[in-house]
Amino acid sequence: MKGKEIYKIYAPIDTKWTQWIRPVPFVAIDNYNRKPATNWLDRKVMFLNRYEQDTAIFIDLPAKESIEFGIALAYLGYRPIPIFNGTDEQEGAKATTDTYIVENHLINASEKLKNIKLENDANPVFLLDSSRINRYREKESVFDNSWDLYKQDIPSAQYFKNNKIEKIIVIGNEVQRDLRKIFFEFQDAGIEFYLTNGYSSTQKIKLKKTLREKFEKEEL
């Protein structure tokens, strides 16, 4: 399938939340030139027993795990919303972030997702790559394709509230700094946050600004 066809599996017409899907990896799929990986793992959702009407989810794990958990949550009724935004390096070059894993597993996941019946207004599970902010470059020749999430990349706190979302579960080892910047406003709006590594039960958390974050200027 072409990237556009795969994109339509994730973003069917007249479905809510899909306007935030980032097109970057789907455009890159048409130029995908790596050997497809076959090590897909069917994940089990152990921290949630059922679909919750007031809950949205952000998965902030390595890309492969993020996409696999996204499909596991799709079986519960949540709609996967890929918001990966890293670009591919030139052939033969090294990069700080492996976007080919993203593309390969979006292809694999689409084969499963097209057979899952989701409601048009199903709540979202946003898929992120936890290595997106990896800016370590061992050499100047390494291509820096790291990226940050900004508040315009996801719905506003008010949009979540208008759609009766009162709780956000973050799946990851922590709430990373780019998400934190966005979620402080969400917390002020009354949205509650819970954290899990994907296996343990969710724990309610209170986001607190570090001294540095208190003095940082808000990014547009």
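Student: How many aromatic pairs does the count come to?
Tutor: The count comes to 15 aromatic pairs. One of them joins Trp-17 and Trp-20, whose ring centres are 6.4 Å apart and whose planes meet at 45°, so this pair is tilted. Please keep in mind that the structure is a predicted model.

Student: Are those two, Trp-17 and Trp-20, buried or exposed?
Tutor: Trp-17 is buried, and Trp-20 is buried as well.

Student: Which residues form one aromatic cluster?
Tutor: The cluster takes in Trp-17, Trp-20, Phe-58, Phe-126, Tyr-159, Phe-160, Phe-183, Phe-186 and Phe-193.

Student: And which residues touch the most other members of the largest nonpolar core?
Tutor: Phe-183 and Phe-186 do, in a core of 57 residues. Helix α3, residues 63-74, gives the most to this core, with 6 residues. Phe-183 and Phe-186 also belong to the aromatic cluster just listed.

Student: What is Phe-183 in contact with, leaving aside neighbours within four places in sequence?
Tutor: Its partners are Phe-58, Ile-154, Ile-168, Val-170, Val-175, Phe-193 and Leu-207. Of these names, Phe-58 and Phe-193 appear in the aromatic cluster too.

Student: Let us turn to helix α6. What span should it have?
Tutor: Helix α6 runs over residues 177-188, and its 12 residues should span 16 Å at 1.5 Å a residue. The C-alpha atoms at its ends are 17 Å apart, which agrees.

Student: Which residues of α6 are buried?
Tutor: They are Asp-178, Leu-179, Arg-180, Ile-182, Phe-183, Phe-184, Phe-186 and Gln-187. As general background, an α-helix has 3.6 residues a turn, so residues three or four places apart point the same way.

Student: What comes just after α6?
Tutor: Gly-190 lies there and takes a positive phi of about 100°.

Student: Asp-178 caught my eye. Why does it count as buried?
Tutor: Asp-178 has a relative accessibility of 2%, and buried means under 20%, so it counts as buried.

Student: What does the side chain of Asp-178 reach?
Tutor: It reaches the backbone nitrogen of Leu-149, at 2.9 Å. Not counting residues up to four places away in sequence, Asp-178 touches Arg-132, Ile-133, Asp-148 and Leu-149.

Student: New topic: where is Thr-196 found?
Tutor: Thr-196 is in strand β5, which covers residues 192-196. Its relative accessible area is 2%, so it is buried.

Student: What is Thr-196 in contact with, apart from neighbours within four places in sequence?
Tutor: The contacts of Thr-196 are Phe-47, Ile-169, Val-170, Ile-171, Gly-172, Ser-201 and Thr-202. Thr-196 and Val-170 stand 26 residues apart in sequence, with 6.5 Å between their C-alpha atoms. In addition, a polar atom of the Thr-196 side chain lies 3.1 Å from the backbone nitrogen of Gly-198.

Student: You named Thr-202. Where is that one found?
Tutor: Thr-202 is in the loop between β5 and β6, the latter being residues 203-205. At 24% relative accessibility, Thr-202 counts as partly exposed. Thr-202 touches Phe-47, Ile-169, Tyr-194, Leu-195 and Thr-196, when residues up to four places away in sequence are not counted.

Student: Which residue lies over the face of Tyr-194?
Tutor: Lys-167 does, at 5.1 Å from the ring centre. Likewise, Lys-209 lies over the face of Phe-184, at 5.3 Å from the ring centre.

Student: What else can be said of Lys-167?
Tutor: Lys-167 is touched by Glu-52, which also touches Tyr-78 and Asn-123, residues up to four places away in sequence not being counted. Glu-52 has its place in the loop between α2 (24-29) and β1 (55-61). With 17% relative accessibility, Glu-52 counts as buried.

Student: Finally, how many helices and strands are there in the chain?
Tutor: The chain has 7 helices and 6 strands. Along the sequence they follow the pattern α-α-β-α-β-α-β-α-β-α-β-β-α. Of the 220 residues, 50% are buried. Among contacts with a separation of 6 or more, 81% come from residues 24 or more positions apart.

Definitions and conventions:
Residues numbered from 1 in each chain as written. Predicted model: local features only at pLDDT ≥ 70, side-chain atom pairs only at ≥ 80, totals over all residues. Heavy atoms only, no water. Helix = DSSP H or I, 4+ residues; strand = E, 2+ residues; numbered from the N terminus. Buried < 20%, exposed > 50% of the residue type's maximum accessible area, 1.4 Å probe, protein only. Contact = heavy atoms within 4.5 Å. Polar contact = N/O pair within 3.5 Å; in protein donor to acceptor, adjacent residues only side chain to side chain. Core = buried A, V, L, I, M, F, W, Y, C linked by side-chain atoms within 4.5 Å. Phe/Tyr/Trp six-rings, centres within 6.5 Å; stacked < 30°, edge-to-face > 60°. Lys NZ or Arg CZ within 6 Å of the ring centre and 35° of its normal. Expected span 1.5 Å × (residues − 1).
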